[in-house]
Amino acid sequence: MTGTTLSEASTSKFVRIQDGELDLNIHYNDCGEGAETVVMLHGSGPGASGWANFNRNIEPLVAAGYRVILMDCPGWSKSDSIVCTGSRSDLNARVLKGLVDALELDRVHILGNSMGGHSAVAFALANPERVGKLVLMGGGTGGASPFTPMPTEGIKLLQGLYREPTIDNLKKMMNVFVFDTSDLTEELFQARLDNMLNRRDHLENFVKSLAANPKQFPDFSPRLAEIKAQTLVIWGSNDRFVPMDTGLRLLAGLPNAELHVFNRCGHWAQWEHADKFNRMVLDFLTH
Ligand SMILES: O=C(O)/C=C/C(=O)/C=C/C=C(\O)C(=O)O
């Protein structure tokens, strides 16, 4: 695939994951070729997917010689839907384990956005020998903030959008995703709305999951010291979804972590500051 233009359709694949009670058809995009693989895990917003979250980050990593796998978590995009009554971070981690086993990947680097960061940490705790380096962006653990009332305004808007999936509610949520809203085009809103409305089962199951267990993302703080992987934590100082002090908590708990904070940046650092984000990630993975 290297040397050709990557598209969602040309990289789209499915795998059946069976693990205990799980039997799920999981969608992923498989981009590029390389001895080292970076798995990217998306966030939990309605209509999110690996491709939607990371479309500004795939090509530079593929061009640098990495294989990039975008896994759509159960309940998002073209993956099967599910009601999650326990820890969604651990559910995603178990599904990721099934995927890396199916692809016969001994060890992967994981780049997680928000829920994807929580899930990357859950995976690293359960499968330390399968993890190379971690990049945690706007996520890595649930848990309360000592400074910001929770749920945050962003999470309230996200949950409101799941309950009432309208274009107005989508715009309200996306306007607090980012610091600078001038890049949010009607085309982007429409694509995200289409993603959401294509899978009303995902929207309904997310609402049912929250009703069954409002704390879908457990607090991993007491266990962070177990993770020895080198970790790059990245945050936006204007993140209105997962507050920046969560990044400080990760820095304090993870023995081999460093933290970069982008100023004038919301919850989508990988998109708002894509060029610098990509350079930092490549430098971190290489050295
Ligand atoms: O509640 C949490 O801790 C996690 C929230 C998210 O995962 C929100 C993510 C939103 C996105 O980045 C998205 O693209 O939907």
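**Exercise 1. Place Ser-209 in the fold and decide whether Ser-209 is buried or exposed.**

Step 1. Start with the helix. Ser-209 belongs to helix α9, which spans residues 200–212. The model is a predicted one.

Step 2. Check the accessibility. Ser-209 has a relative accessibility of 0%. Buried means under 20%. Ser-209 therefore counts as buried.

Step 3. Look for a partner. The Ser-209 side chain reaches the backbone oxygen of Asn-205 at 2.6 Å.

**Exercise 2. Find the polar contacts of the ligand with Asn-53, Met-115 and His-118.**

Step 1. Set the cut-off. A polar contact needs a pair of N or O atoms within 3.5 Å.

Step 2. Take the side chains. An N or O atom in the Asn-53 side chain is 2.9 Å from a ligand oxygen. For His-118, a polar side-chain atom lies 2.8 Å from an oxygen atom of the ligand.

Step 3. Add the backbone. A polar backbone atom of Met-115 is 2.9 Å from an oxygen of the ligand.

Step 4. Turn to cover. On its own, the ligand has 400 Å² of accessible area, and the protein covers 93% of this.

**Exercise 3. Describe the site and the shell around the ligand.**

Step 1. Locate the site. The ligand takes up the space of the largest pocket.

Step 2. Assign elements. Helices α5 (115–126) and α6 (153–163) each give two or more residues to the shell.

Step 3. List the nearest residues. There are 17 residues around the ligand; Gly-45, Asn-53, Ser-114, His-118 and Arg-192 come nearest.

Step 4. Sort by type. The shell holds 8 nonpolar, 8 polar and 1 charged residue.

Note on methods: Residues numbered from 1 in each chain as written. Predicted model: local features only at pLDDT ≥ 70, side-chain atom pairs only at ≥ 80, totals over all residues. Heavy atoms only, no water. Near = heavy atom within 4 Å. Polar contact = N/O pair within 3.5 Å; in protein donor to acceptor, adjacent residues only side chain to side chain. Areas by Shrake-Rupley, 256 points an atom, 1.4 Å probe, with all protein chains shown as cover. 1 Å grid on protein atoms, 1.4 Å probe; cavity = no way out; pocket = protein on both sides within 12 Å on 5 of 7 lines; lining within 4 Å. Sits in = over half its atoms within 2 Å of the grid points. Helix = DSSP H or I, 4+ residues; strand = E, 2+ residues; numbered from the N terminus. Nonpolar A, V, L, I, M, F, W, Y, C, P; charged D, E, K, R; others polar. Buried < 20%, exposed > 50% of the residue type's maximum accessible area, 1.4 Å probe, protein only.
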